[in-house]
Amino acid sequence: MSGATRSLPVLLLQNTVSAFLAVIAVRANPAMGLELYLDLLSQPCRAVFIFAKKNGIPFQLRTVQFLKGQNCSKEFLQINSLQKLPVLKDGDFILTESSAILIYLSCKYQVADHWYPSDLQTRSWIHEYLGWHADNIRNIFGVTLWIRVPEEKVKRNRTYMDHALQQLESKFLGDKPFLVGQQVSLADLMLLEELIQPVALGYDVFVGRPQLAAWRGCMEASLGTELWQEAHGPIFNILEQMTKKTLPVPPPESQTNMLFHISKIP
Ligand SMILES: N[C@@H](CCC(=O)N[C@@H](CS)C(=O)NCC(=O)O)C(=O)O
């Protein structure tokens, strides 16, 4: 029987039944649900992880360990030919770039408005921050994790970090509890995870910066202790693992990648 010849009640019933079956199919087959490819040693991955957990978004965690070179594997190349994390897979839809992923999740799961405010001007401030963040925070703050970065580059990098933090405090944070106002947004998460990276590696960027330290306190309170520890456990353990030499040694193909990144640091 073609759709055109079916009566309206029959069509409605069939549509309802198919929608119901589709929901069951997604639940019964997790491969069709939301998958997040992450490594919690990575800042943008942690931002995505925290966001999904905090908002009760159900997902399958697909851990891809950089230090074992898993992002260079053939399987992962099918997911992201750029070999980078995080990646979101929602059925056939694949999305990279943490900020795009956070916005997708905010809209798809209709999370509380403060994460990605519907008010045009507040939302535009989030995008303003994310643009500045990509140029001034992301580029600079990841560097200290790379074990083989020459000392003079690390020192120079710290000068850039200090400069960026001054601009951050004066232009973006001011006396507000969060970057775009009174409540936490996805911009705060992106920032938090970049700043936690040097802290975990022994350079506490919050010391001597009361404004930023107060903001960190607000972030900890809004995320809650359990999620804070779950998300940050691996990175807070990294120094101890380095000292004990228990970290995996990246395979040659990842080392080439790493050396390339290091060569780009001024
Ligand atoms: N702008 C990207 C950055 C992604 C990125 O650089 N990810 C790093 C981990 S923190 C990565 O996958 N590096 C692997 C590589 O470059 O080989 C985002 O925010 O998602």
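**Tour: helix α2 and its two partners**

Select α2 and α9 first: α2 passes α9 in a right-handed crossing (the near helix is turned clockwise from the far one by less than a right angle; anticlockwise would be left-handed). This is a predicted model, where local features need pLDDT of at least 70, side-chain atom pairs count only at pLDDT 80 or more, and totals for chains, interfaces and linings use all residues. Residues are numbered from 1 along each chain as its sequence is written, and side-chain values use heavy atoms, without hydrogens or water.

**Stop 1: α2 on α9**

Show residues 43–54 for α2 and 225–236 for α9. Both are DSSP runs (H or I, at least four residues), numbered from the N terminus. They pack at about 160 degrees, axes 10 Å apart. That makes α2 roughly antiparallel to α9 (angles over 145 degrees). Axes are lines fitted to C-alpha atoms over the stretch in contact, and angles run from 0 to 180 degrees between N-to-C directions.

Now show side chains. On α2, pick R46, F49, I50, K53 and K54; on α9, pick L227, E230, A231, H232 and I235. These make the contact (heavy atoms within 4.5 Å). Five are nonpolar, one is polar and four are charged. Nonpolar covers Ala, Val, Leu, Ile, Met, Phe, Trp, Tyr, Cys and Pro; charged covers Asp, Glu, Lys and Arg; the others, Gly among them, are polar.

**Stop 2: α2 on α7**

Keep α2 and add α7, residues 186–200. The angle here is about 130 degrees, with axes 8 Å apart. The two helices are therefore oblique (outside the ranges under 35, 65 to 115 and over 145 degrees). Their crossing is right-handed.

Select Q43, P44, R46, A47, I50 and F51 in α2. They meet L189, M190, E193, E194, I196 and Q197 in α7. This contact has seven nonpolar, two polar and three charged residues.
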